[in-house]
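Let's take a look at how the side chains in this one pair up, and at a bit of empty space inside. Here is the structure to have open as you read.

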Amino acid sequence: MLQRPDQLDKVEQYRRREARKKASVEARLKAAIQSQLDGVRTGLSQLHNALNDVKDIQQSLIDVNKDWRQSINTIENLKDVKDAVVQHSQLAAAVENLKNIFSVPEIVRETHDLIERGELLQAHRKLMDLECSRDNLMYEQYRMDSKNTHDMNLIHTYFGDMQKLSEELAKQLWMVVQRSLVTVRRDPTLLVSVVRIIEREEKIDRRMLDRKKQTGFIPPGRPKKWKEKMFNILERTVSTRIEGTQADTRESDKMWLVRHLEIIRKYVLDDLLVAKTLLDQCFPPHYDIFNRLLNMYHQALATRMQELAAEDLEANEIVSLLTWVLNTYTSAEMMGNSELSPEVDVNSLDDLISQNVVDQLLSKYMSTLTSNIIGWLRKALETDKKDWIKETEPEADQDGYYQTTLPAIVFQMFEQNLQVAAQINEDLKTKICLFNAIPCMCYRYKDEAQLYKEDHLKNRQYPQCYVQYMIAVINNCQTFKESIISLKRKYLKSDMEDTLSISHANMDATLDIIAKEGCSSLLDEVFMDLEPHLNELMTKKWLMGSNAVGTICVTVEDYFNDFAKIKKPYRKTMTLEAHRRVVVEYIRAIMLKRISFKNAEERKEGAERMIKEAEQFRFLFKKLAAGSGEDTEGLCDIIEAIAEVIKLTDPSLLYLEVSTLVSKYPDIRDDHIAALLTVRGDASRDMKQTIIETLDQGPSQPNPNYVPIFKEITVPTLTVPKLLK
């Protein structure tokens, strides 16, 4: 406080302030201590008073115990009074019920009449009065002497008709309950009366059970449990209603299951709508009658569907059942109906049949379908085969391409089965798309086409329209491929296409093989007609002016007028193959060494003729391949290149010309070169040997786009008879 000299003037002031603070603290301490002392004094006083009170109570208890021991004898003397009180109570109950006791027969008759007239509430009121009288008398008897069964039986026998009345009334109640969905529309008050009676009985049951806990006594026939019985009756009624909807059998109606399921759908929907709009108002809220009925119908349907699933169902019946169970049941036509929401949530409903049963049914369906489809395909193929031997041409589509009805029949059948499968689930639809019946049929189709060709080769005049029907077979392959793509787009999701790509790739490959073999068969037909003219090539007759190539071109063009009815993918392939085979046959004719030119003039004439004929082939196949965009000139260039070797006038340049030929067409073998030099006619044995040996040592730089052609051409070797000549 004293940090500077001028603060010394305030010393007295500081001293007084600190003195005041000290006095204040001391005063608070004294007050606190005084308060504590007062509290302790009060507590001690109260403890002292409590001790005195405990002593007084202890003394009072001793006095009461003494008085109680002295009064035991007096209580024993009052036993007669106690018995008199019990007897008085029994007599009072008897007097109170005296009127009912004497009038029991009359009340029974009146109650019976009320039941017959349908006045159920009044009948139940009288029945309750009778039961109350009997129960009170029995209770008093039980209190007086619980072991006196004789008097108990006497009372029970006297009121015996009352039990029959109760059973008769119950029978009427259950009849109303059984017809509750009809009754609620015609006379809802009757149903309400039944529910009120059941509620009364439930209250009496509860009261009697409570009294049993206290006294051990319960009247005969209690508890009646009429509420529980009512729900049991409703459950049996629902089950009977579901089972009773089957009006037909498979023997009487092929559509029995469809009809049965449709009746079930209609009945269940109608009943639930009535239950929601009318029945729910006739029952107390705690009965939760709509949800109870919903569960009953669901369980009854589950039981019925399991029974149907266990039967020996046909394929179409399996589809009907699964479609109904998996789709119709939860659709807007049934449980998903807008009028049933929000009480009915289709997502919370359990499955009517287990997944295991569904899988078994699907497996059985696929097994049956497999057998059926194989049979249908076999029958369709047999029908198609019968058309192949007709004397009339096959029908053409809108674009003029020959075709038969086989693809349309097959894919109409498959589409129908896919439409059916789509009603059930995606998995089944995928299984049908993966179905291996089409590949199997394709293999069979391939074999039948081969047999068709072999039969034709035995007698080429039969069948009359062989070419046209073989064209139709080829076109059918393309139609099959297009139909497969169409079905994939229509029925499969994009994410499933990868699953099917391998299966369909194999199918496409098989169809391509069938089509290519068909094209090959048709070309065989062409070249069988060309054989005499091909045999004229590179002969003396040919050199002297034979028109063999002209005839070949006319014949090929004539055949290709029919081949125009082949669909484009295969027509283009066929044109290229025909071009290749013509060139191969032409070169083969050269390699057969039918002619050996004698001088330069013959070589020139022959070479020019070969170049001219190559140009004829080029023109022909360019015409046939019009619009295909294919380069068809390369093959004819081989003929021209060979012609240049033959045309060469200076033998010293022969090696160079031959090496040029070999560099362009590296699959030329030594025997091809030897045959070519033999046809030229002016090359000695040593020259041939030198050229061949020199070519073997030279480098080969083949054109990467070149398709080998000489490997198909064999050069005949010198035979023994020829040597002998």
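Start with glutamate 12 and arginine 16, whose side chains meet in a salt bridge with N to O at 3.7 Å. Keep in mind that this is a predicted model. The two residues are 4 apart in helix α1, which covers residues 11-76, so about one helical turn separates them. Glutamate 12 is partly exposed at 39% relative accessibility, and arginine 16 is partly exposed too, with 42%.

A little further along, helix α1 also holds lysine 21 and glutamate 18, set 3 residues apart, or about one turn of the helix. These two form a salt bridge as well, with 3.9 Å between the closest N and O atoms. Lysine 21 has a relative accessible area of 48%, which makes it partly exposed, and glutamate 18 counts as partly exposed at 34%.

Which residue does lysine 623 bridge to? The partner is glutamate 557, and the closest N and O atoms are 2.4 Å apart. This pair ties together distant parts of the chain: lysine 623 sits in helix α23 (residues 600-624) and glutamate 557 in helix α21 (residues 548-563), 66 residues apart. Lysine 623 is partly exposed at 45%, and glutamate 557 is partly exposed at 24%.

Here are those three bridges side by side.

| Salt bridge | Closest N to O |
|---|---|
| glutamate 12 and arginine 16 | 3.7 Å |
| lysine 21 and glutamate 18 | 3.9 Å |
| lysine 623 and glutamate 557 | 2.4 Å |

In total, the model has 37 salt bridges. Some of them join up: Glu382, Lys385, Arg444 and Glu448 are linked in a salt-bridge network.

Now for the rings. The count of aromatic pairs is 13. In one of them, tryptophan 324 and tyrosine 329 have ring centres 6.0 Å apart and planes at 35°, so this pair is tilted. Tryptophan 324 is buried, at 5% relative accessible area, and tyrosine 329 is buried at 2%. Phenylalanine 560 and phenylalanine 563 make an edge-to-face pair, with 4.9 Å from centre to centre and 75° between the planes. They are 3 residues apart in helix α21, so about one helical turn lies between them, and both are buried. Helix α21 is also where glutamate 557 sits, the partner of lysine 623.

There is a ring cluster as well, in which ring pairs link Trp388, Phe411, Tyr445, Tyr452, Tyr466 and Phe480.

Charges turn up over rings in a couple of places. Lysine 227 lies over the face of tyrosine 287, 4.4 Å from the ring centre. Arginine 241 has its charged end over the ring of tyrosine 267, 4.3 Å from the centre.

And the empty space? The structure holds 4 cavities of 30 Å³ or more. The second largest has a volume of about 70 Å³. Helices α17 (437-458), α18 (466-491) and α19 (497-534) are the elements that each give two or more residues to its lining. Which element gives the largest share of that lining? That would be α19, with 4 residues. The lining residues are Lys446, Ala449, Gln450, Met470, Val473, Ile514, Glu517, Gly518 and Ser521. Sorted by class, the lining comes to 4 nonpolar, 3 polar and 2 charged residues.

Notes:
Residues numbered from 1 in each chain as written. Predicted model: local features only at pLDDT ≥ 70, side-chain atom pairs only at ≥ 80, totals over all residues. Heavy atoms only, no water. 1 Å grid on protein atoms, 1.4 Å probe; cavity = no way out; pocket = protein on both sides within 12 Å on 5 of 7 lines; lining within 4 Å. Points joined across faces, edges and corners; volume = space filled by probe spheres on them. Nonpolar A, V, L, I, M, F, W, Y, C, P; charged D, E, K, R; others polar. Salt bridge = Lys/Arg side-chain N within 4 Å of Asp/Glu carboxyl O. Buried < 20%, exposed > 50% of the residue type's maximum accessible area, 1.4 Å probe, protein only. Phe/Tyr/Trp six-rings, centres within 6.5 Å; stacked < 30°, edge-to-face > 60°. Lys NZ or Arg CZ within 6 Å of the ring centre and 35° of its normal.
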